[in-house]
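Here are some notes to read alongside the model. They go helix by helix, then pick out a few single residues.

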Amino acid sequence: MGLAVMILGLALFLGVHTLPAQRELRGRTIAAMGEGGYKLAYALVSVLGIALIAWGFAHYRAAGMIDVWEGLVPAKALVILKHITIALMLPAVILVVAAFMRGHIYTAVKHPMLAGVKLWAAAHLLANGDLGSIILFGSFLGWAVFDRVSLKHRSDAGGPPIPVGGWGNDMIAVAVGLGVYLALAFAFHPVVIGVPVVGV
């Protein structure tokens, strides 16, 4: 049941997030609902999707996760993979922050938000070999790849214009990214997710 709810949540959240890539469909939707109605519906579906993903994944874990490949990997290798995941999360978070605090990182990567999501998803696929995690992180990785490819065929990025600065913005992105990374590692992951990542 939990897995089915999570998949429904993924369909809603990632489904609505494909709309920016479908410019004609997005345009028709805005024409029918109005700009305000479109944004409200987009936000509500996104929040509902996230809620269903969180609820479904939590219940899936509580009912007993379905192992796919973890049992085939030696314990030492699993520990190494988890440490690699922890290391990859720092640049992933910094990239996401750099999408909003734009500087040289943004200019070099072009789409740091998508790069950060891909790195986050790929890193978590390394450390989690159960069915639910593969579906969850694999779906986000697939969406990020799809969205990055679609950007090559769009006339505009579809997002609000944000000024691009210099090294100062990069330093802020790194500092804020480090702070968010530490908060995720020491507070969010062990308290909210229930899975400690430091000292494992």
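1. Before the angles, a word on how they are taken: axes are lines fitted to C-alpha atoms, for helices over the stretch in contact, and angles run from 0 to 180 degrees between N-to-C directions. Keep in mind, too, that this is a predicted model.

2. Start with the pair at the beginning of the chain. Helix α1 covers residues 2–16 and helix α2 covers residues 23–63; they pack with their axes 7 Å apart, at an angle of about 155 degrees. Angles over 145 degrees count as roughly antiparallel, so α1 is roughly antiparallel to α2. Their crossing is left-handed. What sort of residues make up the contact of α1 with α2, by class? There are 17 nonpolar and six polar residues, and no charged ones.

3. Next, follow α2 to its contact with α6. Here the axes are 10 Å apart and the packing angle is about 160 degrees. That makes α2 roughly antiparallel to α6, and this crossing is left-handed. On the α2 side the contact is made by I53, F57 and Y60, while α6 brings in L131, G132, S133 and L136. Sorted by class, the residues of this contact come out as five nonpolar, two polar and no charged.

4. One pair of residues gives you a feel for α2. E24 sits in this helix and is exposed, with 63% relative accessibility. How far apart in space are E24 and Y60? Going from C-alpha to C-alpha, the distance is 37 Å, for a separation of 36 residues in sequence.

5. Past α2, have a look at G64, which lies in the loop between α2 and α3. Buried, partly exposed or exposed? G64 counts as partly exposed, at 41% relative accessibility. From G64 to A185 you travel 121 residues along the chain, and their C-alpha atoms are separated by 24 Å.

6. Now for α7, which runs over residues 167–193 and bends by about 45 degrees at L184. Its buried residues are N169, D170, A173, G177, Y181, A185 and H189. An α-helix has 3.6 residues a turn, so residues three or four places apart point the same way. That is a handy idea to have in mind while you look down the helix. Which helices do the buried residues of α7 pack against? They pack against α3 (75–98), α4 (104–109) and α5 (112–127). Just after α7 comes G194, with a positive phi near 85 degrees.

7. The packing of α3 with α7 can be spelled out further. Their axes cross at roughly 130 degrees and come within 8 Å, which makes α3 oblique to α7. The crossing is right-handed. From α3, the contact takes in I86, M89, L90, V93, I94, V97 and A98; from α7, it takes in A173, V174, V176, G177, L178, V180, Y181 and L184. By class, that contact divides into 14 nonpolar residues, one polar and no charged.

8. H124 is worth a click. This histidine is found in helix α5 and has a relative accessible area of 11%, so it is buried. What does H124 touch, leaving out residues up to four places away in sequence? The answer is T85, M89, F137 and H189. You have already met two of these: M89 is part of the α3 contact with α7, and H189 is one of the buried residues of α7.

9. Over in α6 (residues 131–151) you will find D147. Buried or exposed? D147 is buried, with a relative accessible area of 10%. Not counting residues up to four places away in sequence, D147 touches H17, A21, L114 and R154.

10. Last, a backbone point to check. Most residues other than glycine have a negative phi. K110 has a positive phi, near 75 degrees, and is not a glycine. Where is K110? The residue is in the loop between α4 and α5, and with a relative accessible area of 52% it counts as exposed.

Methods: Residues are numbered from 1 along each chain as its sequence is written. This is a predicted model: local features need pLDDT of at least 70, side-chain atom pairs count only at pLDDT 80 or more; totals for chains, interfaces and linings use all residues. Side-chain values use heavy atoms; hydrogens and water are left out. Helices (H or I, at least four residues) and strands (E, at least two) are DSSP runs, numbered from the N terminus. Angles under 35 degrees count as roughly parallel, over 145 as roughly antiparallel, 65 to 115 as roughly perpendicular and the rest as oblique. A crossing is left-handed if the near helix is turned anticlockwise from the far one by less than a right angle, and right-handed if clockwise. Ala, Val, Leu, Ile, Met, Phe, Trp, Tyr, Cys and Pro count as nonpolar, Asp, Glu, Lys and Arg as charged, and the others, Gly among them, as polar. The bend at a residue is the angle between axes fitted to the seven residues ending there and the seven starting there. Buried means under 20% relative accessible area, exposed over 50%, partly exposed in between (1.4 Å probe, protein chains only). Contact means heavy atoms within 4.5 Å.
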